[in-house]
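Grab a pencil and work through these exercises with the model open beside you. Try each task before you peek at the solution.

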Amino acid sequence: MRALNIIRWKSVVCSVPKTTSIRHSSHLSSFKDSLHAAKNVVIISGEDISSESGLPTYGSNEHWRKYQALSLATSGAFLTFPSLVWEFHHHRREIATQAQPNETHKAIAQFEEKYGSDKSITVITQSIDGLHARAGTKNLIELHGSLFKTRCIRCNEVLTNNDSPICEVLANKGSPDIQDTHSDIPEKLLPHCSCSGLLRPHIVWFGESLEPSVVEKAEEAISTCEVCLVIGSAASVFPGAIYASDAIQRGAIAAEFNNSPSSIVEFHYFFEGPYSRTVSEALGL
Ligand SMILES: [Zn+2]
């Protein structure tokens, strides 16, 4: 079992040994045969799975107002500028609330509903927007947490919170307009726990460790899967690269759905094109 203390870093590309003996193929019927025969299936999705729902990925090049978005996704930024960081995450919550699960989210949920009695199907996602769950996926591991959960910085209680806005003072706040430079909401008016501690989004920010119990569940699913699908950009960075590589080394069949093939992990199958088409076809829906 891999060491559990896995840190999330900005734009990390993993040094996964490239597997060179696997033939790249887009042969759909062959992949579907493998998927049909498998009893244990893992689907890994990156944030890009929500691009067809109109949600930005907030990667290393994206900005919110004048700030590099990733610089607002750290515990240091939160402790120094809680008002600004809450405005940014409130903005993300609101646009995620208004977005709808797309055809790919729905196809994955339908696959679980249709075949879940015959197969163990686990979805491991880096996405924090809650759209997998809203599409109906049940066996879901949110590696990086959720925009719709809070954690108290005093007592550590984690709670689901779908309120819009999450607190009164954030109503009409969070505009991404570059002209908005100030954020001066008094800390006492930001979301608070019943113990009076300040709440933060329950998200694995950059430089923080993934929750050991979450990593353990993900690794358990990877350790038994016979077929692994990686959808979105997850194959080029952690954990898509590590998990897919682990699955391949164990003998699992692995397929990548992306705009271009991963340069790190060589999958058995690569399916290019809109996820809404390629994923539905591959899942046999
Ligand atoms: Zn508390």
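**Exercise 1: the pocket lining**

Find out how many residues line the second largest pocket and which of them lie nearest its centre.

Solution. Keep in mind that this is a predicted model. Start with the lining: 27 residues surround the second largest pocket, and E142, G145, S146, K149 and H202 are the ones nearest its centre. Next, the space itself comes to about 540 Å³. Now ask where the lining comes from: α5 (131-135), β5, β6 (145-152), β8 (199-203) and α6 (212-224) each chip in at least two residues. The top contributor is β6, with five. Last, sort the lining by class, and you get 10 nonpolar, nine polar and eight charged residues.

**Exercise 2: the sheet**

Work out the strand order of the open six-stranded sheet, then say why one side of β5 and of β11 is left without a neighbour in the sheet.

Solution. Reading across, the order is β5-β4-β1-β9-β10-β11, and the pairing is parallel. β5 (140-142) and β11 (269-272) sit at the edges with a single partner strand each, so one side of each has no neighbour in the sheet. On average, neighbouring strands here are turned by 15° against each other, direction ignored.

**Exercise 3: one pair and a helix**

Describe how β1 and β4 pair, and find the helix lying across them.

Solution. First, β1 (residues 40-45) and β4 (residues 120-125) run in the parallel sense, joined over six bridges. Take S45 as an example: its bridge partner in β4 is T125. Then add helix α4 (residues 103-115), which lies across β1, β4 and β9 (227-231) and runs at about 155° to β4.

How values were computed. Residues numbered from 1 in each chain as written. Predicted model: local features only at pLDDT ≥ 70, side-chain atom pairs only at ≥ 80, totals over all residues. Heavy atoms only, no water. Pairing = 2+ DSSP bridges. Helix = DSSP H or I, 4+ residues; strand = E, 2+ residues; numbered from the N terminus. Axes fitted to C-alpha atoms, helices over the stretch in contact; angles between N-to-C directions. Contact = heavy atoms within 4.5 Å. 1 Å grid on protein atoms, 1.4 Å probe; cavity = no way out; pocket = protein on both sides within 12 Å on 5 of 7 lines; lining within 4 Å. Points joined across faces, edges and corners; volume = space filled by probe spheres on them. Nonpolar A, V, L, I, M, F, W, Y, C, P; charged D, E, K, R; others polar.
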